[in-house]
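Dear colleague,

Please find below the sequence and the structure that I am handing over to you. My notes on what was found follow directly after them.

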Amino acid sequence: MANFEAGLYYSESHEYIRVEGEFGYIGISDYAQHALGNVVYVDMPEVDDEVTAGEEFGAVESVKAASDLISPVSGTVVEVNEALEDEPELLNQDAFANWIIKVQLSDPTELDNLMDVEAYKKHCE
Amino acid sequence: MNTNSQNHSAPSLTGRAGGESFKYFPHTEEDLDVMLQACGVGSVHDLFADVPEAARFQRDYELPQALSETDLRLFFEQLTHPLNAQQLICFAGAGCYDHYAPSVVQNLIQRSEFLTSYTPYQAEISQGTLHYIFEYQSMIAELTGMDISNASMYDGATATAEAAMMAWSSAKKATRVLVSETVDPKVRRVVETYAHFHGFPIQLIPAENGATSRAALDKELAEGGVAGVILQQPNYFGIVEDFTGIADAVHDQKGILVINANPSDLAILKTPGEWGADVAVGEGQSLGIPMTFGGPGVGFMACSEKLIRKMPGRIVGQTLDSRGQRAFVLTLQAREQHIRRQKATSNICSNQSLMALYVTIYLAVMGKEGLREAAEMSYAGAHSLCDKLLATGKFRLTFPGQPFFNEFCVDYDGDLDSLLSEATESGYLAGVKVGEKTLMLAVTEQRTPEEIDELVEILGEYKNEKI
Amino acid sequence: MNRTLYGNLIFELSKKGRKGYSLPQDYDRTHSTAELPEALRRKEAARLPECDELTVVRHYTNLSHNNFGVNDGFYPLGSCTMKYNPVINEEIAAMKAFAGLHPLQPAETCQGALEVYFNLQQSLAELAGLSEFTLNPCAGAHGELTGLMVIRKYHERVLSDSSTSEKVAAGNEPSPQQGGAGKGARTKVLIPDSAHGTNPASAAVCGLEVVEVKSLADGTVDVEHLRQLLEEMGDQVAAMMMTNPNTLGIFEPRVLEITEMVHKAGGLMYYDGANLNALLGECRPGDMGFDVMHINLHKTFSTPHGGGGPGSGPVGVRKGLEQFLPTPRVVLNEEEKQFRVEAPEGALGSVGSFFGNFGVMLKAYAYILSLGRENVKMVGPLATLNANYIKERLRDDYLLPIEGLCKHEVVFDGLVDKSTGVTTMDVAKRLLDYGYHAPTIYFPLLFHESLMIEPTENESKETIDAFIDVMHTIAAEAKSDPELVKTAPHNTPIGRVDDVLAAKHPITTYWKSLEA
């Protein structure tokens, strides 16, 4: 069974964002990593790249599937999780501890369009 | 073709005309009865009851009647009568070469386990195919000096077009892909066709004395916005170009360098990898594949490690099986169309597998020394022919001072068409006309000194010139 | 097939000083590559293997024993049409007289080859109910792309013809580099969600935007959804791509209505010939209203798959679209009774250097001539009979999700009894133990446990009955000994492979494996 972590914002395409001040950590939900199976590669943007809410910023690949990563918010990439380059399986081990990118939010009101954990749970049923 | 359209006897209840059997259809009348009954229909045509009447095909095809095997052989023998398929002594190249084809290669690729198998999706019963593709990838990577190779593509032209699309999709703020005018015009045309429909501009870099104009290339690179640069080595005119410094200039503005190379010459020539290319592509036909009127050949594509997930086509990787044995498997499939659909790196969903096997066995037979020896002989033959043609006084080098490998261009002041006809009459394909006055000739290790001398005699002594 | 793995790589058999070739030694050695400037030469010789001839012969013969082809056994791979590859076709394709032809030699010296090309394209036109084919595309996907290019070229022409005056006035001629993507361009292509992944991928390569058309529960096109899409965006639709019978092996019952609707909106209909085998003798794409199509010679016309290629993907068009076909084109000059190679104005461009995979065309042409008009028409009916027979005989143990007639292939949704945990993957792998190739699995995507079986017309009742028996045996094993099935295969040269290991740290060359 998938875990659901409270206190995060979720998108319909199964990304989460953990907001800390003007920054947000974006990753994929535990539900999403379950659905994908063994992750073998994470395609990530570069630092300073711009991301836009609702648009793709990378992809997660398993052996038999590939899924685009859709940014839940707009902003600038300030850090990427380089550990995922060599150990993409970290996403399978703990999807919430292993975020993919850290962004500086340009429009925090976009968070209002996202789901809280209860709504996301329902979305996944 | 004889397309006698008279109608045949009406199909029987089970659908077979006159109840005759045919060598590729094993169904007897008795089989048909049992099977139709199991399906709950009276005739095979009832299985098409869901096809709207207006779409049903109700007559005989306008095709010839079935030929027996004997008649089929006779038919093709007539098509290959010397007048219909003249076996000319070949001094033509321009992308298709008459190289030595070792006997064992033709024999081994006919093995039905290779020939009649499908794409190796079921790894447990496809290790033969997966194994040779892994060898092929290793050989291509080594020849081109690149990190990785895919499992092969349709031909050299489409591989180049795919590389152009790779360049375009890798670039973030580019405005065009540059292609040298010294790239084979047939390849350029395919690249332009793909680019036109895919939706990105191709810009031609002009040639200077038969080689890519460095001044023009540098100017374009200085302007920026270049997603990629496509060059050819040896180039279309046979010239070995010096690409020193180009890779750095391309990389400085985040473009990728694509070199289309002739793999048989890479036994000797500096590799795309050594030139700093990001992608190496080309046509593998020169690795001993018979010309067969231009196909099948095999396109190859190799690239640097960092582009592995941008590379189109099949890739075979090494892994372990459940018993701990080394095994091979199709890998990185998440790039491909059956998973990514419209977001795939390309729409290609096959490789030219059997021709990749051809190349693999050819390179195994020729090996390190053989490939070099064949290249050496081709080089020596071409330069010998060139010397002798110039000595006749009727020809002069189109691009003086340029180093060439086994193909070169000469200008002729007379009527080139009638000269070529004269050569054809004598059983020679004297080359390919690449300009009003320009003839391009190729020599491989297949051409004997006697053939070279005879061609020089024919071309040198031809009198009936309209000047 | 061997049960044990033959494991050496050719590089591991190499020993310095051995050679497997012989070349003539008498040639003019006046020149050598040492003349070339050092900057143009490679630093170190390529590390190719050094082997004697017998070592090479044994190595590749042993490799072949780890493979499984149509000649080895039943190959019911859905949507791949693994029919028999007649041996005579190989003999003809290997004729020295064809092998020695250079593609640029004068047309008058290779009339036989041009005749093969011309007659094959004419035969295909008759079989498809279309006007003309190009044989230049090298594979089905290549054909799809070429066919979509024809469609775009046609729309570019329509657009420029209809608005030339307007544009000239505005000084607004569309750039030839932009793929006609300017104002009024038709850039959308409608594709059923059940389509093979190659369709949307080809559309994307061709610069078109994919719009999915929904399927009904029975897997056929939702015509009402199509109508709605055409109302919304009909004037932007370049084409609709369809496979018929569709990827579930079902004939689209409303195909005539669909082609008419799309035509009315100004779009063209593209026929994906992947499943053409079902229709030979019964129905032609041209008669259903399709404008452009490709054929896979390696499916419908019996040329061998060769472990993944070379194939051939001829593209046919209805009357009026011939001018857009790619160059080179082979035409017959009726007066001179000579075949010519032409590159007419108005063509979409080129999709390959020469004439495509000519060697493959020879095999397909020999096949058509062997069958003749009296046997070609039995291909679809017999293939369809075999598939329906399997459908009826397996539906007790395998879940048939869609009732009714199928065409040349049948799709099951795994075992009826799902309680054992035995999946479609397991059934497929267990089949390998019994000496069969697996069916296509997990496609179409409409069902979770798809198992798609295509028997072809060449298989006898005995072969099919034996296969059916084995399928029943596996269903019984799934109940009595599920572990046996879940851990299959057991009798093959290797067991299941570790896909994750391969993808996570790709080793794709021998050189890389040495580092690991």
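**Findings in chain B and its surroundings**

In this predicted model, helix H6 of chain B lies across five strands of that chain, namely E3, E7, E8 (256–261), E9 (279–283) and E10 (299–303). Relative to E9(B), H6(B) runs at about 160 degrees.

The strands beneath this description belong to an open sheet of seven strands in chain B, with the order E2-E10-E9-E8-E7-E3-E4. The pairing in this sheet is mixed. Its edge strands are E2 (148–149) and E4 (202–205) of chain B, each of which pairs on one side only. Within the sheet, strand E3 (residues 176–180) of chain B and strand E7 (residues 226–233) of chain B run parallel and are joined by four bridges. To give one position, B:Leu178 has B:Val229 in E7(B) as its bridge partner. In general terms, strands of a sheet pair through backbone hydrogen bonds, either parallel or antiparallel.

I turn next to the packing of two helices. Two packed helices are described by the angle between their axes and the distance between the axes. For helix H6 (residues 156–170) and helix H7 (residues 185–198) of chain B, the axes come within 8 Å and cross at roughly 40 degrees. H6(B) is therefore oblique to H7(B). The crossing of H6(B) past H7(B) is right-handed. On the side of H6(B), the contact is made by B:Gly156, B:Ala157, B:Thr158, B:Thr160, B:Ala161, B:Ala164 and B:Met165. H7(B) contributes B:Lys186, B:Val187, B:Val190, B:Val191, B:Tyr194, B:Ala195 and B:His198. Sorted by class, the residues of this contact are nine nonpolar, four polar and one charged.

At the level of domains, chain B is divided into domain 1 (89–98 + 370–461) and domain 2 (103–362). The C-alpha centres of these two domains of chain B lie 29 Å apart. Their contact takes 18 residues from domain 1 and 19 residues from domain 2. On the side of domain 1 of chain B that touches domain 2, the elements giving two or more residues are H12 and strand E14 (407–412) of chain B. H12(B) supplies the largest share of that side, with four residues. By class, the same side of domain 1 of chain B has twelve nonpolar, three polar and three charged residues.

The contacts between chains are as follows. Chain B gives 175 residues to its contact with chain C, and chain C gives 177 residues. Helix H12 (residues 353–391) of chain B gives the most to the side of chain B that touches chain C, with 23 residues. That side of chain B divides into 90 nonpolar, 55 polar and 30 charged residues. Between chains A and B, six residues of chain A are in contact with four residues of chain B. The side of chain A that touches chain B holds three nonpolar, no polar and three charged residues.

Finally, a detail from chain C. Strand E8 (residues 329–333) and strand E9 (residues 338–342) of chain C pair in the antiparallel sense over five bridges. C:Arg329 has C:Glu342 in E9(C) as its bridge partner. E8(C) and E9(C) form a hairpin with four residues between them. In the turn, C:Lys337 has a positive phi of about 50 degrees.

Yours sincerely

Methods: Residues are numbered from 1 along each chain as its sequence is written. Chains are lettered from A and ligands numbered from 1 in the order in which they are written. This is a predicted model: local features need pLDDT of at least 70, side-chain atom pairs count only at pLDDT 80 or more; totals for chains, interfaces and linings use all residues. Two residues are in contact if their C-beta atoms, placed from the backbone, lie within 7 Å. Ala, Val, Leu, Ile, Met, Phe, Trp, Tyr, Cys and Pro count as nonpolar, Asp, Glu, Lys and Arg as charged, and the others, Gly among them, as polar. Axes are lines fitted to C-alpha atoms, for helices over the stretch in contact, and angles run from 0 to 180 degrees between N-to-C directions. Angles under 35 degrees count as roughly parallel, over 145 as roughly antiparallel, 65 to 115 as roughly perpendicular and the rest as oblique. A crossing is left-handed if the near helix is turned anticlockwise from the far one by less than a right angle, and right-handed if clockwise. Two strands pair if DSSP finds at least two bridges between them. Domain bounds come from an automatic or database domain assignment.
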